[in-house]
Amino acid sequence: MKVVYADNNATTMVAPEVVEAMLPYFTQYYGNPSSMHTFGGQVAKKIDIARQQVAELIGADPTEIVFTSCGTESDNAAIWGILRANPHKRHIVTSRVEHPAVYNLCKYLSQNGYQVTELGVDSNGMLNLDELAGAVREDTAIVSIMYANNETGVIFPIEEIGAIVKQKGSILHTDAVQAVGKIPLNLSHSTVDLLTLSGHKLHAAKGVGALFIRKGTTFTPFIIGGHQEKNRRGGTENVPSISGLGKACELAKKYMAEEQTRVKELRDNLENEIVKRAPDVRVNGHKINRLPNTTNLSFEFVEGEAILLLLNEKGICASSGSACTSGSLEPSHVLRAMGVPFTAVHGSVRLSLSRYNTMADVDFIIECLPPIIRRLREISPYGRETKVKEHAMGVSTKS
Ligand code: PLP
């Protein structure tokens, strides 16, 4: 069966050029980049090239890039690194819609001697900047606010957020795992102090990430060990994956315009057609301030998991708004924070595209999804209300 992959916010296919960039570093150039010999030294040079490629994508200086094992590690390193460097400051500001890598860490910190202020969002998933200004205090060590939301694609106004944080004398970390490679970023003129990115969200391998730490930021390493990464992250570097991440960043720069146009058109087409063909559907998240590849749809009176299972039978990969990926039955904390009604949270599906998706993929999803919703509503105890609406809209309920 052909797979139609529409779950690119979960992970992406590794680009063939990235695989090619990784391969020599397994069997040919396998030296330790910290070794004194030339064999290891050539590997260290490759890491420097990758550092340059990552820096170029986000408008940073290569010395500001620290390689890590993933986005989660970068988020932990950023927050712990700043807290440990500023032990007299015990307050953190974050939002209610962060990825668990930040959200659960902040929960842990709030149970272990820190004060955490969680900022709410409105029904579009946007922050209230006045609330942010009121929340940052003299003892706020760090403000950690994501760049773009993994579930809805909503983009926060990070520079405006940073201006407020700077005015209040604190430090801004942003989890940009979903933004890097999808929208242009320029940290050379920015209020961001630390930024997280992850390889597997931009067509590099799983298990590699990076943390941008602005020059002059006082930071205590999270992983303490050897002198790698200029004493900012101990541990022998994952050279093949770092080489691949560098290549992926170079490719992301090349394909950025396509992401803004063709991929966005695919997403808009998909979303508009589904909304037209299925009644009682809502699009979650701000319609404009949103990643070009993501749509989050809530279908009333059906279970997101049931939709996913039936999509899976057709070979379509998507995600639901319940945190099923984490093995939990909890409904999405992001949609709940936005005040999405309980019934709609349970019937939510995220479709996320990439430059490898085609119009044929989108057409296939448009062909399959509305009949799946109708079929589920036929057997749903809540479905009758919807059938009345479908009748009024002139939609056939035959699937
Ligand atoms: N932050 C965001 C916004 C994410 O979407 C993810 C992954 O889904 C992460 C952090 C964690 O990244 P990783 O899987 O590389 O640990």
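**Salt bridges, ligand shell and surface patch in a predicted model**

Lys 247 counts as partly exposed because its relative accessibility is 23%, a value that falls between the limits of 20% and 50%. The structure described here is a predicted model. Lys 247 forms a salt bridge with Glu 250, and the closest N and O atoms of this pair are 3.2 Å apart. Both residues belong to helix 9, which spans residues 239-277. Lys 247 and Glu 250 are separated by 3 residues, about one turn of the helix. Glu 250 has a relative accessible area of 38% and is therefore also classed as partly exposed.

A further salt bridge in helix 9 joins Lys 276 and Glu 273. Here the closest N and O atoms are 3.0 Å apart, and the two residues again lie 3 residues apart, about one turn of the helix. Lys 276 is exposed, since its relative accessible area is 57% and the exposed class begins over 50%. Elsewhere, Asp 48, Arg 51 and Glu 229 are joined into one network by salt bridges that share partners.

In the whole structure, the search finds 17 salt bridges. One of them is formed by Asp 7 and Arg 350, with 3.2 Å between the closest N and O atoms. This pair links distant parts of the chain, the two residues being 343 residues apart. Asp 7 is in the loop between strand 1 (4-5) and helix 1 (16-22), whereas Arg 350 is in strand 13 (residues 348-352). Asp 7 is buried, because its relative accessible area of 10% is under 20%. Arg 350, with a relative accessible area of 9%, is buried as well.

The ligand is surrounded by 13 residues, of which Thr 72, Asp 175, Gln 178, Ser 198 and Lys 201 come nearest. By residue class, the shell consists of 3 nonpolar, 7 polar and 3 charged residues. Helix 4 (residues 71-85) supplies the largest share of this shell, 3 residues. Polar contacts to the ligand involve both backbone and side-chain atoms. A polar backbone atom of Gly 71 lies 2.8 Å from an oxygen atom of the ligand. On the side-chain side, an N or O atom of Gln 178 is 2.8 Å from a ligand oxygen, and an N or O atom in the side chain of His 99 is 3.3 Å from a ligand oxygen. The ligand on its own has 390 Å² of accessible area, and the protein covers 88% of this area.

A nonpolar patch on the surface is formed by Val 19, Leu 23 and Phe 26. Together these residues have about 280 Å² of accessible area. Phe 26 is placed in helix 2 (residues 24-27). At 48% relative accessibility, Phe 26 counts as partly exposed, because the exposed class requires a value over 50%.

Thr 152 is located in the loop between strand 5 (140-144) and helix 7 (158-167). With 1% relative accessibility, Thr 152 counts as buried. A polar atom of the Thr 152 side chain lies 3.2 Å from the backbone nitrogen of Val 154.

How values were computed
Residues are numbered from 1 along each chain as its sequence is written. This is a predicted model: local features need pLDDT of at least 70, side-chain atom pairs count only at pLDDT 80 or more; totals for chains, interfaces and linings use all residues. Side-chain values use heavy atoms; hydrogens and water are left out. A residue is near a molecule or strand if one of its heavy atoms lies within 4 Å of it. A polar contact is a pair of N or O atoms within 3.5 Å; within protein, one must be able to donate a hydrogen and the other to accept it, and residues adjacent in sequence count only if both atoms are side-chain atoms. Accessible areas come from the Shrake-Rupley method with a 1.4 Å probe; for residues, only the protein chains shown count as cover. Helices (H or I, at least four residues) and strands (E, at least two) are DSSP runs, numbered from the N terminus. Ala, Val, Leu, Ile, Met, Phe, Trp, Tyr, Cys and Pro count as nonpolar, Asp, Glu, Lys and Arg as charged, and the others, Gly among them, as polar. Patches are made of residues with over 30% relative accessible area and no salt bridge: like charges are joined within 9 Å, nonpolar side chains (Val, Leu, Ile, Met, Phe, Trp, Tyr) within 5 Å. A salt bridge is a side-chain nitrogen of Lys or Arg within 4 Å of a carboxyl oxygen of Asp or Glu. Buried means under 20% relative accessible area, exposed over 50%, partly exposed in between (1.4 Å probe, protein chains only).
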